[in-house]
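My notebook is open, and I would like to keep you company while I look a few things up. Here is the structure I was browsing.

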Amino acid sequence: MSGGFKSYVNMNEVEKTEPESQKKDVKKIANEVFGGPMEPKLLPGELVIAEGHNVLKFNSTDDFNHGVSGALFCTNFKISFVTANRSSYDLGELRQRNQLLSEHDIALTCVEAVYQVWNGKKKRLPPGSNIQGRVGILEIHCKDFRILPFSFKFTPKEAERNVVNAILHHAFPTSLDLLFAFEYNPGKNLRIGIADTPEFRAVKDWERELSRVHPSGWRVSFANTNFKMSDTLPEQFIVPSSLSDHDLNNSSPHFVDGRVPLWSWSHQNGSSLVRMVELRSDTTQTQYLERHCLPSTQVVPLEGLDSMLRAIESTHPERTKASIIDLARLCPSPKYIQVAYYKLRDLCMPAGAEDFWAADQKWYSLLDGTKWLQCVSACLSVSSAVAERIAGSRQTVVLREYDGRDLSCVVASVVQLILDCHTRTLVGFQALVQREWVVCGHRFTDRLHHVHAKDKDNEESPVFLLFLDCVWQLLQQFPSCFEFTETYLTTLWDSARVPLFATFLFNSERDRYVACMDAKRDKNDNTSPTLMPVWDWSLQFSDQDRLLFNNPLYGGKLAEYFPEHPSNGPTVVPPNPTNTLGSFKSRNKWKSKKKKQAGASAQVSFATPSTPSFNGPLFPINIGAGLKLWTQCYMRWIPWAHTVGGGPPSEYFHQCLLVDELHILNMKIHSLEMSKPDEHNTSRESGMFFTFESPRGFDANDSLTSAFPYSPIGSMDRKSIVGTPLFSFLRRMSVSSYNGAAANGDD
């Protein structure tokens, strides 16, 4: 480095030097190294609110012994740390490089809490507070389980105070319109959205979905145009053809939030999946009618519910009675999910090496104590049972939940993933999330805690993360049935906390519409804000990085090379005997006696489920050993939990090479069959991140870690973990070469 710049600073050594030598001109160093000042990369509409120089960014896993010097900025979009240290850019190709947020950036809505660390004591700083004195070390806890400490030891007091106060104010907005999505101004020429992913805000999207599934007895309703019937339903949705819009308007006051039963999906055998909310009390109905200025004569008898159910049952070819599933009894509540999430977060965010190794001694019991996997198990169990009733028993199923905006989203989505192969493609999955979650009114604002209003109860609950975990479990058990990878799922969860994408900002479509209209009036220029959909991944990632979303094992891709492979034909998977409906409390007992365990073992096989065709139904193992912890998402920032040259990333590396080689051979065979040999006709159309002829010039055994593509190999304490519970847990997902080394006791 030029100018005598020292990237890593040992705090104990620095204190012995002269005060003047401690204060380095970081801007000057940056000019010498990069030929320009150290400034954050700003998006259109992004503004720097406060900045502090000579800030040290620590590695929380090193107990605050070493730090990287740089400048800390707070903008209206993110907290950005900019450093002249070139080592932070090492192994860049082994990372997923986000074009909106760099390695050292934190989206403001990703900040969970801010702490002051002084003399070994940690104090949580209240949101919106003003700090007057010195902070010392500022520790930022993120919702993606990162811990980022910053030291202001060499930063002027005024700059330190400005940066800290800016973070405390802007990381915890009190209203939705303060988020960066309403300030973003990309220009008129930016393409918005992806045509292949329907947003279900136009009737043609709903009609296309009906055409794809071919259900009989269903139609698109316009009863909620301008949200006149329900504030939480989309303007168009699908209902039984026998019900007119007038019938829906008459029945609406009897249901919570005016949400009449709505269609989710139909099987080819004629049975359907329907979502329904609870009935209102008489008092609530009266208030609803008064608020919407409706005459009391529109109140119909509660027997109207029977007519709604009869209309739903009339869509079945055999007119069979619909099965009503009470999700409040069978699934964990949002509050229970939040408590389990807090415990999981505490387990996966150790304060340092000492805490990590202490937890490792009782890892399994601590993981079981979080109850997170029990929540996953409950949702998978209910979804599998519902899927069996639809596909096996040919029965229409109605999912009933109080307001129909949380667990019904989870179960309805997982059922479709089990039965409908289209939802396992990338576009199909995105359409599923858009339809069942976004436009049908999952409360993303409340559940992701985007707004920190003091006069409103905290209704935070990671219901969407629970759904993604369920999808991940399916992906682990049926790796050839999904077009996307676990990296895609992790990236989707990360994107849900970026305050730029309107997809995950609002509680309902009406909230989205009102927010746009309010912003339009505030601008006073007759233009609405440009609210970006998350599905346009080109905004965040390059073409190369988006290849990380492609699953090398996907049967739809492999069918191109092995058209006669037996797994490509139709397959009927028998229902799993564990897919029974029972109350969540009765099934939430994992620490049972050995006698009970022996009885369960006689009924359930914990072996890997037989591999179905990629387009067949999937019935997962949903209890006990059949479930795993999503380590890529929850433990990617813990270096002691990583394996070097092992784990799923190493398997993914070799799978990519194999599929790309198959692609090359297939192209050559095709060229020979056409009697036109063409050595150049081997383009990288296989869609793999790693390619056979150019695997990015590194040895996966030395360069990849089990945290790829989020954390490349770096300095870590390789303290022997052989024989510990966590090592046993991680070992199951290691490649054979690493298993062999572990068996021999090598560190």
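Which residues of helix α5 (residues 203–213) are buried? I found D205, W206, E209, L210 and V213 to be buried. I call a residue buried at under 20% relative accessible area, exposed at over 50% and partly exposed in between, using a 1.4 Å probe and protein chains only. Helices (H or I, at least four residues) and strands (E, at least two) are DSSP runs numbered from the N terminus.

A note on the ground rules: this is a predicted model, in which local features need pLDDT of at least 70 and side-chain atom pairs count only at pLDDT 80 or more, while totals for chains, interfaces and linings use all residues. Residues are numbered from 1 along each chain as its sequence is written, and side-chain values use heavy atoms, with hydrogens and water left out.

**Helix α5**

I looked down the axis of α5 and saw its buried residues fall within an arc of 140°, so they line one face of the helix. The arc is taken over the directions from the helix axis to the C-beta atoms. This fits the textbook: an α-helix has 3.6 residues a turn, so residues three or four places apart point the same way. The buried residues of α5 pack against strands β10 (218–221), β11 (237–240) and β12 (262–266), and against helix α15 (426–438). Contact here means heavy atoms within 4.5 Å. Just after α5 comes H214, with a positive phi near 60°.

**Q430 on α15**

Since α15 came up, I stopped at Q430, which is found in that helix. Q430 is buried, at 2% relative accessibility. Its C-alpha is 7.3 Å from that of W535, though the two are 105 residues apart in sequence. Setting aside neighbours within four places in sequence, I list T197, Y488, W535 and W537 as the contacts of Q430.

**F145**

F145 lies in the loop between β8 (137–142) and β9 (147–151), and at 5% relative accessibility it is buried. R345 is 200 residues away along the chain, yet the two C-alpha atoms are separated by 6.6 Å. Beyond its neighbours within four places, F145 touches Y341, R345, C348, M349, Y634 and W637.

**The whole chain**

I counted 28 helices and 15 strands in the protein chain. Of its 747 residues, 57% are buried. Among contacts with a separation of 6 or more, 75% join residues 24 or more positions apart.

**Aromatic rings**

I paired rings of Phe, Tyr and Trp (its six-membered ring) if their centres lie within 6.5 Å, with planes under 30 degrees apart counted as stacked, over 60 as edge-to-face and the rest as tilted. By this rule I get 37 aromatic pairs. In one of them, the ring centres of F227 and Y513 are 6.3 Å apart with the planes at 45°, so the pair is tilted. F227 lies in the loop between β10 and β11 and Y513 in helix α19 (residues 509–523), so this pair ties together parts that are 286 residues apart in sequence. F227 is buried at 9% relative accessible area, whereas Y513 is partly exposed at 47%. I also noted F482 and F484, an edge-to-face pair with 5.5 Å between centres and 65° between planes. F482 is buried at 0% relative accessibility, and F484 is buried at 0% as well.

I then checked for charges over rings, meaning NZ of Lys or CZ of Arg within 6 Å of the ring centre and within 35 degrees of the ring normal. K122 lies over the face of Y115, 5.8 Å from the ring centre. R636 has its charged end over the ring of Y710, at 4.7 Å from the centre.

**Cysteines**

How many disulfides does a search of the whole structure find? I got zero, with a disulfide taken as a pair of cysteine sulfur atoms within 2.5 Å. For C440, the nearest cysteine sulfur is that of C409, 7.2 Å away. C440 is buried at 2% relative accessible area.

**Backbone oddities**

Most residues other than glycine have a negative phi, and most peptide bonds are trans. I marked N54 in strand β2 (residues 48–58), where phi is positive, near 60°. K371, in the loop between α12 (363–370) and α13 (372–391), has a positive phi near 70°. The peptide bond from F708 to P709 is cis, with omega near 5°; P709 is found in the loop between α26 (700–703) and α27 (725–731).
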